[in-house]
Amino acid sequence: MAFNINEFKSQLTGGGARANLFQVQILNPIDSSADLKSAFMIKTAALPESTVGEFVVPYFGREVKYAGDRKFGPWSVTILNDEDFLVRNSLEAWMNAINSHDSNTRALPQDYKSNALITQYGKDGSALRTYVFEGMFPVSVDSIAMGWDTNDAIQEFGVTFSYDLWKVEGNTGNPTT
């Protein structure tokens, strides 16, 4: 029923999911030294997207639409930079293994592809939903802006990953009967 605040509140399970209750785990297959630390340094991320393409079959002047293949868009995170540069160094090493700066050599996909997880937590600390990215690797590590007028701030940088697919593990958030 519209305009009934109690009806609205009764439908908002748990008071709504909070955007700041998440953790990301990235498994770097080339340099795992920052795997533990990156879970604390990843400041922003997103639950993954996917789209289903479509194709059109014309028939007597009309278009009949059919579902196509699923596509997975890039996934980006923002990372806080510490003075040890541990997370950034490990990501740069990963990208260098994918394609070397100076020799233009590359690792095999089975050596540079890995997995990552993003877990959404409830206000009580329980894991509500976990997405697993499979066949993931970094495609860009952003620059870090520096300036004499930047005070009271920690450096941060973005990383964009490509991946083969994502799936939901554990609790799917589907209602139970």
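Here is a short friendly conversation about a predicted model.

Biologist: Let's start with Leu47: is this residue buried, partly exposed or exposed?

Modeller: Leu47 sits in the loop between strand 2 (42-44) and strand 3 (51-59). Its relative accessible area is 40%. Buried means under 20% and exposed means over 50%, so a value in between makes a residue partly exposed. Leu47 is therefore partly exposed.

Biologist: Which residues does Leu47 contact, leaving aside its neighbours within four places in sequence?

Modeller: Contact here means heavy atoms within 4.5 Å. With neighbours within four places in sequence left aside, the partners of Leu47 are Ile118, Gln120 and Tyr131.

Biologist: Moving on to helix 3, where do its buried residues lie, seen down the axis?

Modeller: Helix 3 covers residues 86-98, and its buried residues are Val87, Arg88, Ser90, Leu91, Trp94 and Ile98. Seen down the helix axis, these buried residues fall within an arc of 165°, so they line one face of the helix.

Biologist: Which strand gives the largest share of the largest nonpolar core?

Modeller: That core has 27 residues, and Trp75, Ile79, Leu91, Trp94, Met136 and Phe161 have the most contacts inside it. Helix 3 is one of the elements that each supply at least two of its residues, as are strand 1 (22-26) and strand 7 (127-141). The largest share, five residues, comes from strand 7.

Biologist: And which residues of helix 3 (residues 86-98) does Phe161 contact?

Modeller: Phe161 is in contact with residues including Trp75, Met136, Leu91 and Trp94. Helix 3 has Leu91 and Trp94 among its buried residues. From helix 3, then, the partners of Phe161 are Leu91 and Trp94.

Notes
Residues numbered from 1 in each chain as written. Predicted model: local features only at pLDDT ≥ 70, side-chain atom pairs only at ≥ 80, totals over all residues. Heavy atoms only, no water. Helix = DSSP H or I, 4+ residues; strand = E, 2+ residues; numbered from the N terminus. Buried < 20%, exposed > 50% of the residue type's maximum accessible area, 1.4 Å probe, protein only. Expected span 1.5 Å × (residues − 1). Arc of directions from axis to C-beta. Core = buried A, V, L, I, M, F, W, Y, C linked by side-chain atoms within 4.5 Å.
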